[in-house]
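Reader: I'm new to reading structures, and I'd like a close look at just one part of this one. Could you walk me through the place where the two chains come together?

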2 protein chains.
Amino acid sequence: MIVDHLKPPYYAVIFTTIVTDTLEGYAETAERMEELAKQQKGYLGIESARAEIGITVSYWKSLEAIVEWKNNVEHTEARNLGREQWYKKYQLRICKVEREYGFEQ
Amino acid sequence: MIVDHLKPPYYAVIFTTIVTDTLEGYAETAERMEELAKQQKGYLGIESARAEIGITVSYWKSLEAIVEWKNNVEHTEARNLGREQWYKKYQLRICKVEREYGFEQ
């Protein structure tokens, strides 16, 4: 789903990934992480698409909210599994959203 | 493709879309826009994935580079076609990338 208009400034985490061939447990964990993220303080929304590469963008009220989510124990364990098994390569970018524009037919 | 490490601060444009069923000319135009963007001053890279929704993230040296790309005539025509024919809905976010982390097996 597209995350509808939010009021800048707020933060985005752009997580771009290439996965391996050993994806046991990956889908379940990704789903669980989305569920957990939604319970975090300062969570604003998430957008995700996968084709040749995967792009997941999560939106947060503040940098503090992102750090708290990073420090979540279950999330830390999932990240370790990700590096050990699921991700061939990833890039993670932390951004401040300064402006936004929407369109709907 | 994943855009490899760039040196913050720089800018990201997160373009999230839901397309219509009338996609005549869409793929060609998307490809042409990517080609054109690469020729723009201040262009750093592009990442793209489409599943239920499409997410395209383009990276730029500065806000000025993003404004110049926005004002490109062919790009403006493509955006108009996009709103008339191809996009049911989109959200566009302009962000300053403050930090980034990479991983590769």
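Author: Sure, let's start right at the seam. S4(A) and S4(B) pair in the antiparallel sense, and 15 bridges link them. Keep in mind as you look that this is a predicted model. To find your bearings along that pairing, look for A:Phe103, which stands opposite B:Tyr90 in S4(B).

Now zoom out a little. That pair of strands sits inside an open sheet of eight strands, and if you walk across it you meet S2(A), S3(A), S1(A), S4(A), S4(B), S1(B), S3(B) and S2(B), in that order. The pairing in this sheet is antiparallel. At the edges you find strand S2 (43–50) of chain A and strand S2 (43–50) of chain B, each of which pairs on one side only. From one strand to the next, the twist averages 25°. A helix joins in too: H2(B) packs on the sheet and touches S1, S2, S3 and S4 of chain B, with its direction at about 40° to that of S1(B).

So who takes part in the contact between the chains? Chain A brings 35 residues and chain B brings 35 residues. On the chain A side, S1, S2, S3 and S4 each supply at least two residues, but S4(A) gives the most, with 18 residues. Sort that side of chain A by character and you get 19 nonpolar, five polar and eleven charged residues.

The seam also ties in with what's packed inside. In soluble globular proteins, nonpolar side chains tend to be buried together. Here the largest nonpolar core has 33 residues, and A:Tyr11, A:Ala12, A:Ile14, A:Cys95, B:Tyr11, B:Ala12 and B:Cys95 touch the most other members. In chain A and in chain B, strand S1 (10–19), strand S3 (54–60), helix H2 (63–71) and strand S4 (87–104) each supply at least two residues of this core.

Pick A:Ala12 for a really close look. Leaving aside residues up to four places away in sequence, A:Ala12 touches A:Val57, A:Tyr59, A:Cys95 and A:Val97, and also B:Ile14, B:Arg93 and B:Cys95 from the other chain.

One last thing to try on screen: turn chain A by 180°, with 0.0 Å of shift along the axis, and chain A superposes on chain B with an RMSD of 0.0 Å. That's the relation of a two-fold axis. The same surface serves both copies, as 100% of the contact residues of chain A recur in chain B.

Technical notes: Residues numbered from 1 in each chain as written. Chains lettered and ligands numbered in written order. Predicted model: local features only at pLDDT ≥ 70, side-chain atom pairs only at ≥ 80, totals over all residues. Core = buried A, V, L, I, M, F, W, Y, C linked by C-beta atoms within 7 Å. Buried ≥ 20, exposed ≤ 12 C-beta atoms within 10 Å, placed from the backbone. Helix = DSSP H or I, 4+ residues; strand = E, 2+ residues; numbered from the N terminus. Contact = placed C-beta atoms within 7 Å. Pairing = 2+ DSSP bridges. Axes fitted to C-alpha atoms, helices over the stretch in contact; angles between N-to-C directions. Nonpolar A, V, L, I, M, F, W, Y, C, P; charged D, E, K, R; others polar. Least-squares fit on C-alpha atoms with pLDDT ≥ 70 in both.
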